[in-house]
Amino acid sequence: MGSSFAWWAKGSHKGTPVVVKMENPNWSVEELQAPSEDDFLVGNNPTGTREKERGKNAKQLTWVLLLKAHRAAGCLTSIASTLVSLGSAIRRRVASGRTDADNSSANENRTVKIRFYYCIKVFLWLSLLLLGFEIAAYFKGWHFGAPKLQLQYIFTAPFGIRDFFDSLYSRWVLFRVEYLAPPLQFIANVCIILFLIQSLDRLILCLGCFWIRFKKIKPIPKQVTVEDPESGENGFFPMVLVQIPMCNEKEVYQQSIAAVCNLDWPKPKIMIQVLDDSDDPTTQLLIKEEVHKWQQQGVHIVYRHRVIRDGYKAGNLKSAMSCSYVKDYEFVAIFDADFQPNPDFLKRTVPHFKDNEDVGLVQARWSFINKDENLLTRLQNINLSFHFEVEQQVNGVFINFFGFNGTAGVWRIKALEDSGGWLERTTVEDMDIAVRAHLCGWKFVFLNDVECQCELPESYEAYRKQQHRWHSGPMQLFRLCLPDIICAKISVWKKFNMIFLFFLLRKLILPFYSFTLFCIILPMTMFVPEAELPAWVVCYIPATMSFLNILPAPKSFPFIVPYLLFENTMSVTKFNAMISGLFQLGSAYEWVVTKKSGRSSEGDLVSLVEKQPKHQRGGSEPNLDELKIELEQEQKAKKKKHNRMYMKELALAFLLLTASARSLLSAQGIHFYFLLFQGISFLLVGLDLIGEQVL
């Protein structure tokens, strides 16, 4: 038996040597030998064999531990380098002294802008004063329970031994118990109710999305087998007008024009309008030259430029629709300057209008070419993925209404005309026309499987301005449309959905309670512990809602905590914008074109220079003079770009960090960690460390 076992070990189990390699070149390389033949001979000197095995096991364990130590050292090194780069970036911000006040718009009332900031500063200085007062009380023996102060000390301690501080602090405690805690608790309860209603709405939307997936509900166009007499193809090919509104967007004009010119549609049935509102003469010449090149290739494309830019984008679209030849077209597709539709975009969207005379809009989904560029773009991708896959899709399937996204959509021109056309009364002309069309009885179709590539803002400054416009405009529109909604000849359910769900709950209540509850009331309850917020409000429900929000973008799951913190951080901008729009303040009428980086066109330009093709989808063949002009302008633009500090976010960061220090005295664990990390989030955003970094 022993000889047969030895033969089996010798013939079958010749182990392969194991080599452990260290990534760091300072470490040595060791080879661990495979088991020898003697290791399998149980009968030959078992004591020596066991000792030899112990020696080998110890040697292997040593190297495994060394390998783990090496990985830990590498992790610590990367963390240290990150902290060093973070510290240097903070020093640069502070040394430069640039703040958001240096970049204020001329259309914005400076007094209105700084009023909100001063209110936050008052809360900050008051919290610092109270923190010092509470710390002094703590060391004087005023110990706290979680979360309420033990008031027995006030009534049981002998009055004679109290000094002036004890008397003052006891009066402060009684004052806040009687006068501050009740109204604060009432406001907190109101915000909690709004929070629960909004969370319920979010949950219902997610259930609706799950039902759509489970039942595989999807808008299906009617198949057309009749041959079109002009194009000679089978299908539905009506006359389509394509519009590309743009304004000083030299970084992205080439790929957007090229993508639209490559749409797969019969040439006699399509006309492209490039609506250029640029006030930069060089940009105008570049765009005009690009249009001319595509005209030489037989594309039906025209260039339009307005000298007087009234009404921003709405005025631009309104002016284009007044052309005499528009009456020959039945549909109009709109693409912003950074959007690149696939060649089959019209063939996948326009057929949904066939034999559906009540359909006024077909909206496609956005996809993002730079979603992995930095942390800011990743967080935006989470937010917008939920918006399209859940909000837009559910509303499109169940009530045939949603807000038009301003681009990547096809309108029936008759629906635009019946709704009154484009109006310049708000900064959200897309939502305005959608609301008016819905009140006129038109239905909308959302296609979640048709995507159109675009670009996300990579800098916090650009994203902040975009969000300000997106949240002030709906409040402007709500003031203007409320009488029309009430008097419209639509069902009571549709009126309720538009007033309460579409406007109040998702556009007003959401930014209101996010800012008020988590940035104002929660820190105040740390200094007035008699008014309290339950742990499930601070932690569990927000975490659950963040988990639901991230489901449409499952690859972003590692960013669930930064997403939760960042959404609360953005609440200060959204709340300020909501107030500006609701009360018609100066910044509500401000329109700022979102800055584009043009990353989607860089590869196209490089390939054009290297390969010199005769025709390519990514862009037309540029000449050397044009490239030289573009490079010079790009260098000038880079010189002007810089990061800045945002004072409101910084003030709120120190307010939350002060409140987190106060929560330690009450031993409130969840509240402390939430305030601490939320304060750090505000600090990073306030120092402009979350988006594009300009060196």
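This is a guided tour of a predicted model, moving from the whole chain to its strands, one helix and two individual residues.

**The whole chain**

Begin with the entire protein chain on display, coloured by secondary structure, where 20 helices and nine strands can be found. Of its 695 residues, 50% are buried, and the accessible surface comes to about 34,000 Å², with 61% of that area belonging to carbon and sulfur atoms. If you draw the contacts between residues at least 6 apart in sequence, 80% of them join residues at least 24 apart.

**Strands β7, β9 and β8**

Next, select residues 359-368, which form strand β7, and note that ten of its ten residues are buried. Add residues 443-454, strand β9, which pairs with β7 in the parallel sense over nine bridges; to check the register, pick V362 and look for its bridge partner in β9, V445. Then add strand β8, residues 409-412, whose pairing with β7 is antiparallel and runs over three bridges, and here the residue to pick is Q363, which stands opposite G409 of β8.

**Strands β6 and β3**

Keep β8 on screen and bring in β6, because the next step follows the pairing outward from β8: four bridges join β6 to β8, and the two run antiparallel. F331 of β6 has R412 as its bridge partner in β8. Select residues 331-334 as side chains and view β6 from either face, since F331 and A333 on one side and V332 and I334 on the other are all buried. In a regular strand the side chains alternate between the two faces of the sheet. Strand β3, residues 240-246, can now be added, as it is joined to β6 by four bridges in a parallel arrangement, with Q243 standing opposite I334.

**Helix α10**

Hide the strands and select residues 375-398, helix α10, whose 24 residues reach 34 Å from the first C-alpha to the last, close to the 34 Å expected at 1.5 Å a residue. Sight along the helix and stop at H387, where α10 bends by about 30 degrees. With the rest of the chain restored as a surface, one can ask how many of the residues of α10 are buried. The number is 18 of the 24, so the helix is largely enclosed by the rest of the structure. At the start of α10, show N374 as sticks: a side-chain oxygen of N374 reaches to within 3.0 Å of the backbone nitrogen of L376. Beyond the other end, select N400, which follows α10 and has a positive phi, near 55 degrees.

**D277, in a loop**

Move to the loop between β4 (270-276) and α7 (281-296), and select D277 there. Is D277 buried or exposed? Its relative accessible area is 3%, so D277 counts as buried. Measuring from its side chain to that of R306 should show a polar contact at 2.7 Å. Apart from residues up to four places away in sequence, D277 touches M246, C247, H305, R306, R309, Y312 and N316.

**C261, in helix α6**

Finish at residues 253-261, helix α6, and select C261, which at 13% relative accessibility counts as buried. Setting aside neighbours within four places in sequence, the contacts of C261 are I272, W294, V299 and I301. For a last distance, join the C-alpha atoms of C261 and M271, which are ten residues apart along the chain and separated by 9.5 Å.

Key. Residues are numbered from 1 along each chain as its sequence is written. This is a predicted model: local features need pLDDT of at least 70, side-chain atom pairs count only at pLDDT 80 or more; totals for chains, interfaces and linings use all residues. Side-chain values use heavy atoms; hydrogens and water are left out. The expected span of a helix is 1.5 Å times one less than its number of residues. The bend at a residue is the angle between axes fitted to the seven residues ending there and the seven starting there. Buried means under 20% relative accessible area, exposed over 50%, partly exposed in between (1.4 Å probe, protein chains only). A polar contact is a pair of N or O atoms within 3.5 Å; within protein, one must be able to donate a hydrogen and the other to accept it, and residues adjacent in sequence count only if both atoms are side-chain atoms. Contact means heavy atoms within 4.5 Å. Accessible areas come from the Shrake-Rupley method with a 1.4 Å probe; for residues, only the protein chains shown count as cover.
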